[in-house]
Amino acid sequence: MDLQQKLKLIRRNTEEILTEDDLINLLKKDVPIKHYIGFEISGKIHLGTGLASMSKVKDFMDAGAEVSVFLADWHTWINDKLGGDREKIKQVAVNYFKEGMRASLKCLGGDPEKIKFILGTDLYHNNDEYWATVIEVSKNTTLSRMKRSITIMGRKEGGEVDFAKLIYPPMQVADVFFQGVNLAHAGMDQRKAHVIARDVALKMKICPLLNEKGSKIKPIAVHQHLILGLGKPPVWPVPKDQLQELWSTLKMSKSKPDTCVFIHDEPEEIKRKIKNAFCPEGEIELNPILDWTKHLIFSRDYSSLSITRPEKFGGDVKYDSYETLEKDFANKKLHPVDLKNAVAEELIKILEPAREHFAKPENRKMLEKLEEMMNK
RNA sequence: CCGAGGGUGGCAGAGUGGUCAAUUGCAACAGACUGUAAAUCUGUCGGGUCUUCCCUACGGGGGUUCGAAUCCCUCUCCUCGGACCA
């Protein structure tokens, strides 16, 4: 695969690359791309993680990168998820979550055996060097910047937090350096951590990131779009100048189970959720169904979407590109109901392998255990 | 450790001895209306054989009282000050 092909693969469906020049430089040299994406183990895996993030992971795999998924159990603990119980979190991480990620990759046509998982606990165990790196990152950053960075935990800037939460950002940055990651991948919500990583990169002494000549380099950061939740935004229409602060309420969130779809949801469940989704006719901005169509369905080569509808509404139609579909939707030639039906059917099809995976008794048990845990 | 203020239904937040199963807002659910959703309107929203009846419930336990979410004691947790800091 040549450079252009790799670049194209890495670039597609991303919102930003910091920086593209750095990426091209890396690709030009014959050094391996060490990729990493980290996840908190905070509950069931929804499509943002399972399909959106993992399809990007597959792109990296296809581009020949060394791909790794970091199971951030310590971060989960710090962020009070799953009851803040370390042992439980770890169990869910190495059981349910791992299986879920493998299942997700299967849905995308990737080889589940190729994902390398790293558990935070394992990485940090008896590891002075790691903690020294955390301190070094901290020494090169200010308190106010760490405070601002708590948004990477899905928390409001300026919100009340216990002190441990301020250790989360430098840990996340240290994760990058300590593992020698030269390409950090995440959703847009994680950019603050990655920007810190880039800002401190050239000052690091303990675990600096080095190029083949031994000079310090900044990790490349690839950020992707966060897919929207299915609910109605708290204010509609969303004022442009408030978009940034409202974003955390717009993105898909597993804490509102009816506004997201989980990778192992049953077909009926998927249909129900999508039927109830906010979807103003003709509106292409911040329309969750259109957003999903673009990022979950038309996110790969050769994707298409067939609409089945009665003659009186125009009869069946097949779209081969998102652009034409969006145009029809904007012109009200494609009705929300028809699009919803098609999207639901398509997602049901895409997620089939995940449902199968979790139909296996041992995997089902993991899921049930997690559900039980969350209900407490 | 000391002092102050608090812990009320999914959340927010009233209520300070009976008329409280507990005002109100949000969320949720159902219905009406639209070829979806939203908006709007209506209803439900602790449980029970759903009843002017019972049970469970206002952080836990105990007490005062004919009667307590409301008063007293105690425990516990949270928040905010302060003290300690060899």
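The following questions and answers concern a predicted model. Local features require pLDDT of at least 70 and side-chain atom pairs pLDDT 80 or more, while totals for chains, interfaces and linings use all residues. Residues are numbered from 1 along each chain as its sequence is written, with chains lettered from A and ligands numbered from 1 in the order in which they are written.

Reader: How does the radius of gyration of chain A compare with the globule rule for 376 residues?

Author: Chain A has 16 helices and eight strands (DSSP runs, H or I of at least four residues and E of at least two, numbered from the N terminus). The globule rule (2.2 Å times the number of residues to the power 0.38, with the radius taken over C-alpha atoms) gives 21 Å for 376 residues, so chain A is as compact as a globular protein of that length, its radius of gyration being 21 Å.

Reader: Which helix gives the most to the side of domain 1 that touches domain 2?

Author: An automatic or database assignment divides chain A into domain 1 (3-224) and domain 2 (240-375). Their contact (C-beta atoms, placed from the backbone, within 7 Å) takes 24 residues from domain 1 and 23 residues from domain 2. Helix 3 (47-62) and helix 5 (86-107) each supply at least two residues of that side of domain 1. The most, ten residues, comes from helix 5.

Reader: Which helix provides the largest share of the surface near RNA strand B?

Author: Near RNA strand B (C-beta atom, placed from the backbone, within 6 Å) there are 17 residues, the closest being Cys279, Glu281, Phe313, His335 and Pro336. The largest share, four residues, belongs to residues 336-359, that is, helix 15.

Note on methods: Contact = placed C-beta atoms within 7 Å.
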